[in-house]
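Colleague: I've got a model open on my screen and I'd like to learn how to read it. Could you walk me through a few features?

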Amino acid sequence: MLGLALALAYGGGLALNVVHTAEGGHERNEPPWVLHWFLDASLALPVAVMAVLASSALLRLRRPVGADFRRPAAAFAGLSALTVSVSVALSAPLHAAAFGVRHGGEEPGFIAHLLRDAALGLAGNLPIAAVFCSILVLIRPRPIAARAAPAVPPTSRAATRRDFLKVGGAGMAVATVAAGAGLARLAEPAEAGQVDVALWVNQGDVAMIDGVKVFRWQFTDAPGKLDQDGRGVVISAVAGDTVAVAVTNTLDEPHSFAIDGVVDSGPIAPGQTARVSFEAPAPGTYLYRDRLNEPANPWFGANRLLGLYGVLISHPTDGKPSSFEGRPVVAEFVWVMSSICPAWGEQARANRAIDTRTFDPRYFTINGRSGTRAVHPPPLDPAHPHLNDTVPHGRVGETALIRMVNATASTHAAHFHGNHVRVIAVNGLALPHGIDKDVVLMEPMDRKDVLLPFEFPLDVAAPPQDEPWHFPMHCHSELSQSAGGGLYPSGMLSGWVIEP
Amino acid sequence: MSPALPDDAGYGCRPDWPQLSNPETHGRLEPDVRFLRKVFNNGDLVMPDGETVRFWGFEDETSGPTLPSPTMRVRRGQLVHVVLRPSTSVHTIHHHGIEPDPRNDGVGHTSFEVGSEYTYQFRPSRAGTFFYHCHVNTALHVQMGMYGALIVDPPEGPGRVFEGGPRYDVERVWATSMVDPRWHEMSHGAGLCGGDAGLNRFDPKYFMINGVAHPQTRTSERVKIDARAGQTILLRLVNAGYFPQRYRFGGLPTEVVASDGVPLVDPFAADSLLLAPAERYDCLIRPTRAGKFTIAVEFEDWIYRDVVGVVETTVTVAEGPPPEPGTPPELDPGPTPLNQGDAPSPSASSLEGASGTEAPGAVTGSSHGPAHPVRRPAKKPKKKKPKKKKARKKAPRKPRRRRGRGRR
């Protein structure tokens, strides 16, 4: 930090000095210009240090966790360059008065001069800061919080809007926001947005953890595509946005796209595309699904259980993240729970009618993975092994929001080891005080938003060990653990990692 | 994703976590309270239809085999030691809802499974209703009976659910469970390799509270409640089964005050209550009039939610003087004793000698062999070890880097 201040004070000082000398400016008893540059820059150093410290404080306040390190570094460098230039320019009149400066040529207006000098300083400082930033990134290649969760909720609506507009199988990773990189975006107008989503109803074989291939239907974001791994398409919007969804049915039987109380496309004939448009509902987590082949109790809707479901997130308009005991959420996850029945898959493949009383799942997944695969999900970026779409990995106090959505037909009991979670919303209803639980009941089609507080585990008696602590999350409806007849490989599992 | 069986598919079958004979308790402190939990696997219970079902469980120095395992009762803030002695086969104890570090959390894949002895250490920070259970082959071992209640009283002792919370005069801890006798014929490691041992089929035949099967629950002194109008009854409900359970309070005025060891910010009145597996609810019943009431627990299929069984018990409320202030509460009478049956035949192998480096202590203890030998293939642990060491070596490096960055 001191290094940056030094570089900026001397570098920016050089730029200002050269320009002023070229313009023919003079001081009383002026020393040779190299010495002059050195002296003036040294005078500017305290100002620069304070400016750099202020920039760092400003950024730390807003530093998101889970962001790429390069962006905060760039922001830090840029902001420092700006603050140093402005403060040096501001202190210039003082300097001029103290040393009896006479400007060469025509003295510009006072304000204009200030602005010009600040711009000059900035022109000199920005490249220096850029070089400094690159060095910083080179020597610290790991992200600030590679261990933390991949997604950051809004710090301001405008800053995050662009991120929310993206949708894709990669899920929450797209919502990563770096405060630094967000500077430019703060200027974006905060108008009601439009979210365009294109979905295709596809089919094919999905490989289970034991190698068995199960025939599944899926909503995916490209024609002919099938997600082997993942939760399907997460649609992100801000409450009030217009969400326009084009659903193309590539299969041989009708399908539909519906969210209870929000939208229903009705049957989409084979080969047809339905376009529906709706206002993103009240903030919360929603399940969209194919509503066809659904008995009176929607829990047992055959088309949903064969894979046609997904999640819509409606973010609050004020962009404020939830908080746990005053600590804001720094990472956000979606956990889509699914149950997979190979026998139904075969019936769907053969275009046979399905008796919804015969559902016999053999695999229980979170975000498309069961067993070990669910506990150790693949990293989103090989350079950052802790960043994945399911298992939160953070430091004490780095609260994560987990949006749990039960797309299965079974009743689950999500048990968190290590921390109680705070249930803050149940099926779109916010719980004002939240309820702290170590087991969260998940009935079919339930959506529950929970905060994982990343508290230092409360009942630890001995001093902590200096290594990350892994805690499981598993379903306590034990038959989801012994699905397939044995323990764990096909079971509904996840976990979380805390650095004490 | 490769369609072939991935190398790590045998989660549970080829564990890359250790099975240790005598793991050390890190940062061991002097306990305020200590419990011994030996493992038995020859408890027999005669069911109402005359059939005998075999149970496993934990016992202490004096309890003998019981169902559930003996209740642990501690006070908030006490330093607790639980000494697990599996003796013949690997087990762990997970103190459910207690939040210690992973070594004391009793989960094999985040720490180790225990062969001879381990002392779990923790200091409960919340007063409330918890339970403990074996976390090895959990689905099977919990069904076999390896669970018990863990009650954390406030520092001043029993009488209130939590500090500053409501007082109670009569306490019942109801661990409700279901029994599928087919599972009770299985061996220690059934299904652990991910093979189909039929552990996804659960066809419960008996429905129980604290080891008493319906309809004996209506009359059993361990379950039924006798109280006076004006008294406050505390029900500590633990769903120790695998299906959702719906309590129906039979017209008794019931208030739900805490769940999962945490007081509710907004307590609520309930006529019925749905418990997910392993969920706990603390309910206060304040009968206002004399009479006979029935509390029923309906066990619902975890998929189709049909009621597959019911347990009923009786709450008899008499007229009488209001409780004297300062009268100590009548606490839960505890679990049901089991008959000691013939020990299962000794196993072919044990922890002893399976790994020269990890199992220095010879396995001692009872002659009951494990129902299933400790899985310890001769080659695999040796292969795994270098991997494990590599992973361990990496771990400390990460925090160091991070700390450096933190300072910046």
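Modeller: Sure, let's go through the cavities, one residue and the contact between the chains; keep in mind that this is a predicted model.

Colleague: Let's start with empty space. How many cavities of 30 Å³ or more are there?

Modeller: Rolling a probe the size of a water molecule over the atoms shows where empty space is left. Here the count is 13 cavities of 30 Å³ or more. The second largest cavity holds about 220 Å³. It has 21 lining residues, and A:Arg216, A:Gln218, A:Gly230, A:Tyr309 and A:Gly368 are the closest to its centre.

Colleague: Which strand gives the most to that lining?

Modeller: Strand 2 of chain A, with four residues. By class, the lining of the second largest cavity has eight nonpolar, nine polar and four charged residues.

Colleague: Now a single residue. Is B:Thr217 buried or exposed?

Modeller: B:Thr217 counts as buried because its relative accessible area is 0%, and the cut-off for buried is under 20%. It sits in the loop between strand 14 and strand 15 of chain B. Leaving aside neighbours within four places in sequence, its contacts include B:Ile209, B:Val223 and B:Glu312.

Colleague: And the two chains: what area is buried between chain B and chain A?

Modeller: About 6900 Å², with carbon and sulfur atoms giving 56% of that. In terms of residues, 79 of chain B are in contact with 81 of chain A.

Colleague: How many salt bridges are there between chain B and chain A?

Modeller: Seven. A:Asp438 forms a salt bridge with B:Arg280, where the closest N and O atoms are 2.7 Å apart.

Note on methods:
Residues numbered from 1 in each chain as written. Chains lettered and ligands numbered in written order. Predicted model: local features only at pLDDT ≥ 70, side-chain atom pairs only at ≥ 80, totals over all residues. Heavy atoms only, no water. 1 Å grid on protein atoms, 1.4 Å probe; cavity = no way out; pocket = protein on both sides within 12 Å on 5 of 7 lines; lining within 4 Å. Points joined across faces, edges and corners; volume = space filled by probe spheres on them. Helix = DSSP H or I, 4+ residues; strand = E, 2+ residues; numbered from the N terminus. Nonpolar A, V, L, I, M, F, W, Y, C, P; charged D, E, K, R; others polar. Buried < 20%, exposed > 50% of the residue type's maximum accessible area, 1.4 Å probe, protein only. Contact = heavy atoms within 4.5 Å. Buried area = accessible area lost by both parts, 1.4 Å probe. Salt bridge = Lys/Arg side-chain N within 4 Å of Asp/Glu carboxyl O.
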